[in-house]
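This report describes selected features of a protein model, from its internal space to its backbone geometry. The sequence and structure are shown first.

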Amino acid sequence: MADDAERDVLIIGAGAAGGAMAWSLARRKVDVVCLEQGDWVDPALRPKNHLDWEVRARRYWSPSPNIRQWPSDYPVASEGEDPVSVFIYNAVGGSTIGYAGNFWRFTPSDFRVRSLDGAGVDWPIGYDDLAPFYTINEREMGVAGLAGDPWSPPREPLPLPPAPIGPHGKLMVDGCEKLGWDWWPTEQAITTIPYDGRPACDLKGYCPFGCPQGALATVDVTYWRKALRSARNGVDLRTNARVREITLHPDGRAKGALYYDTDGHVREVRAKVVVLAAGGLGTPRLLLHSTSQRHPDGLANSSGQVGKNLMVHVQTFVIGRFDDPVQDWRGTWGGAVSSRQFYETDPANDYLRGFVMSINPGWSPLNLALQVAPWGADHHQAMDNYLNHEAVLFCCGEDLPEERNRVELDWDNLDRFGMPGAKTWYAFDSNSKKLGKAMIGHGTELMGAAGASGIRDFGLSPALGWHLMGTARMGTDPAKSVIDADNRSHDVPNLFIADSSSLPTGGGVNPTSTIQAVALRCAERIWEMRSELG
Amino acid sequence: MAYDWRKEEYEVTRPGRTRIDYRLEIGRALVPIGVERGFAVLDPDRAELLRAWVSAIIPANGDRPAAGEVGAAEYIDAIVFLTPRLRGVLLDAIDMVERLAAERLARHFVGCSPPEHTTILEAFEANDPLDAFPMVRDLTYEAYYAHPRVLEILRRETGWHYEVAFSGSELEPFDEALLTRVRSVPPRYRNV
């Protein structure tokens, strides 16, 4: 059952964080094995390779594991006042295979929310600690954009020029200039020119539905491509490997993991260091399932914080309808132009923290019809009114950590191996509701200034579960956090957690860039501590 | 489900039957669109009614065909062929629509006029214990807006288009001169 050799590092999860870590460690000739419960995504199955891509996006490409039911998926139940509409992909590349490539750095204040605003928690590390890793990550992922945004500290130029902003971007620029709001071309993990063996984006749009040519920086085409060919034969990536539990030595150190292989047989991998990178749902699920006499409430959970403090961001869309065609099918979907005019806390507001707004082209026909077109005689008129006449403003704001928002094991719904599913419980707090109201208000104001003749929005609930964070957070106090500033468990000295669950607060922007910067920093710390870790 | 967000409440009101969430049920049921097919589940009478139903959901307009003309009824039949738990929902729904037509207009549904179709379907939609109406509506939209004939008409009439093999779009490169004002503003981030 057990592999013969003890490996240097075992990484559980091959997504945004796991891929970055594997690459970082492998290039230092560390012996890395990675267990991924999913498989490689067959390029032929990327929806956008097919004319019926919108239907495929509602079937096997659905971001809900309950709908698509891949063999790698586990059930996810959503409860609470604002149930989370979960967006996860269990595959090599993780949820990046269905993301849009919005690629933000957090701002310095995002790491000091408690000190500056008296709410949430501070990170045990700051912007300056992560800045070098942001830079490495932007180079490896291939990020397009311009340095110099007044809402960010000075930084190195980005490796790729910004994407064309298109007619929808120009509408937002016009609106911002009219209102005197700051704006900037959005940083996007999309190749605007050929880069690092990947072709340039051809602006087909609708990026989350499977980039046909690999211009979108999903982790399967960035880090994993390199990690598998690194020194020492590359990383040993094992797909279709469902980890059941993390095992321990008698002295309490992590020993490795038990997992079900492709045939459903249990196997064991041993390693000097174990890293969890299974995401905001998967990581607490596995920790809570790894119980023992020593850890009856789950591994690394002496604080009781595993699974708590789930953050998803306050997210919505504000959609403007314009009389002139907007060329909805053109351009990237990582937000051509963005504004952080309302990003920092303003004492004049009735809420803390802030949000970002990013413009995208309008919806495709089926999605649009399902949103706005009534059945019957008025159907075609509605489609003519909206199709190719809309610009979509994505709004993303900070929600602060709260213990009541959580992930638990769901013993009523088991996966195909008999393991419990995950259950989320979520409700926006009053700050998030006020922030969300202001976000929609300012988005509406912006669309109006841009010349929209009609404006609609998605509201705030159900909570869009695209960014699942905070469920095994880092901190200095072992009673209030799960891991320390190096992403190392307070309870298990050779166990690290380096994914979205480790983020103590989530900023007000898409988090992939920060998740990967944290993972790269964690990899470096593991390398620096290698003699201590055995 | 992609971005098809819609505010709707669903309740189970029919005793003795458990509501089946068709959104979950059809997750593994992918049926090619735009290919000729017959009916596998529905008998001819029910098939004819469903064709009239989907054509009332999306009627013809100018060059745009009715949903029944592009195989939406056959598509729905093929979906429930792959999802047996939904067959009863569809069969019951069709029978209820037919019963409504008989009760209100003393005619078969297929013999009613388009305005009468609308009246009957509105009545059914308002009292739909099995969640069948949104299922038929959503699947009709799928069959319609993924059909090559419809997409070609949309391209011609609205400008929107997506082609699998096309070589992409052209847009002007970003013009940095647009940033003149914003480049001159002082730092907006908070020093910590």
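## Cavities, strands and backbone geometry

Six cavities of 30 Å³ or more are present in the structure, which is a predicted model. The second largest cavity holds about 90 Å³ of space. Its lining is made up of 13 residues, and those nearest the centre are A:Trp104, A:Asp149, A:Trp184, A:Ser338 and A:Arg340. Two elements of chain A, β5 and β11, each give two or more residues to the lining of this second largest cavity. By character, the lining of the second largest cavity comprises six nonpolar, three polar and four charged residues.

The strands β5 and β11 also belong to a sheet. This open sheet of chain A has six strands in the order β5-β11-β12-β13-β10-β16, with antiparallel pairing. Its edges are formed by β5 (184-185) and β16 of chain A, each of which pairs on one side only. In general, the strands of a sheet pair through backbone hydrogen bonds. Between β5(A) and β11 (residues 337-339) of chain A there are two bridges, in the antiparallel sense. Within this pairing, A:Pro185 stands opposite A:Val337 of β11(A).

A:Arg340, one of the residues nearest the centre of the second largest cavity, is also touched by A:Thr107. The other residues that A:Thr107 touches are A:Tyr127, A:Trp151, A:Tyr343 and A:Glu344, when residues up to four places away in sequence are not counted. A:Thr107 is located in the loop between β4 (84-86) and α4 (113-117) of chain A. Is this residue buried or exposed? A:Thr107 counts as buried because its relative accessibility is 1%, under the 20% limit.

A second strand pairing in chain A involves β14 (residues 406-414) and β15 (residues 420-425), which run antiparallel and are joined by six bridges. A:Leu409 faces A:Ala422 of β15(A) across this pairing. The strands β14(A) and β15(A) form a hairpin with five residues between them. In the turn, A:Gly418 has a positive phi of about 85 degrees.

Most residues other than glycine have a negative phi, and most peptide bonds are trans. The table lists two residues with a positive phi that are not glycines.

| Residue | Phi | Loop | Relative accessibility |
|---|---|---|---|
| A:Lys29 | about 65 degrees | between α1 (16-26) and β2 (32-35) of chain A | 54% |
| B:Ala106 | about 55 degrees | between α4 (87-105) and α5 (114-126) of chain B | 67% |

A:Lys29 counts as exposed because its relative accessibility is 54%, over the 50% limit. B:Ala106 likewise counts as exposed, at 67%.

Where does a cis peptide bond occur? The bond between A:Ser461 and A:Pro462 is cis, with an omega of about 5 degrees. A:Pro462 lies in the loop that connects β16 (454-457) and β17 (463-465) of chain A. The strand β16 that precedes this loop is one of the two edge strands of the six-stranded sheet.

Finally, the confidence of the prediction can be considered for chain B. The average pLDDT of this chain is 90, and 89% of the residues score at least 70. Over residues 5-15 of chain B, by contrast, pLDDT stays under 50. For that segment of chain B the model has 24 contacts beyond four places in sequence.

How values were computed
Residues are numbered from 1 along each chain as its sequence is written. Chains are lettered from A and ligands numbered from 1 in the order in which they are written. This is a predicted model: local features need pLDDT of at least 70, side-chain atom pairs count only at pLDDT 80 or more; totals for chains, interfaces and linings use all residues. Side-chain values use heavy atoms; hydrogens and water are left out. Helices (H or I, at least four residues) and strands (E, at least two) are DSSP runs, numbered from the N terminus. Buried means under 20% relative accessible area, exposed over 50%, partly exposed in between (1.4 Å probe, protein chains only). pLDDT is the predictor's confidence in each residue, from 0 to 100. Contact means heavy atoms within 4.5 Å. Two strands pair if DSSP finds at least two bridges between them. On a 1 Å grid over the protein atoms alone, a cavity is a set of points where a 1.4 Å probe fits but cannot get out, and a pocket is an open set with protein on both sides within 12 Å along at least five of seven lines; lining residues have an atom within 4 Å of a point. Grid points are joined across faces, edges and corners, and a volume is the space filled by probe spheres set on the points. Ala, Val, Leu, Ile, Met, Phe, Trp, Tyr, Cys and Pro count as nonpolar, Asp, Glu, Lys and Arg as charged, and the others, Gly among them, as polar.
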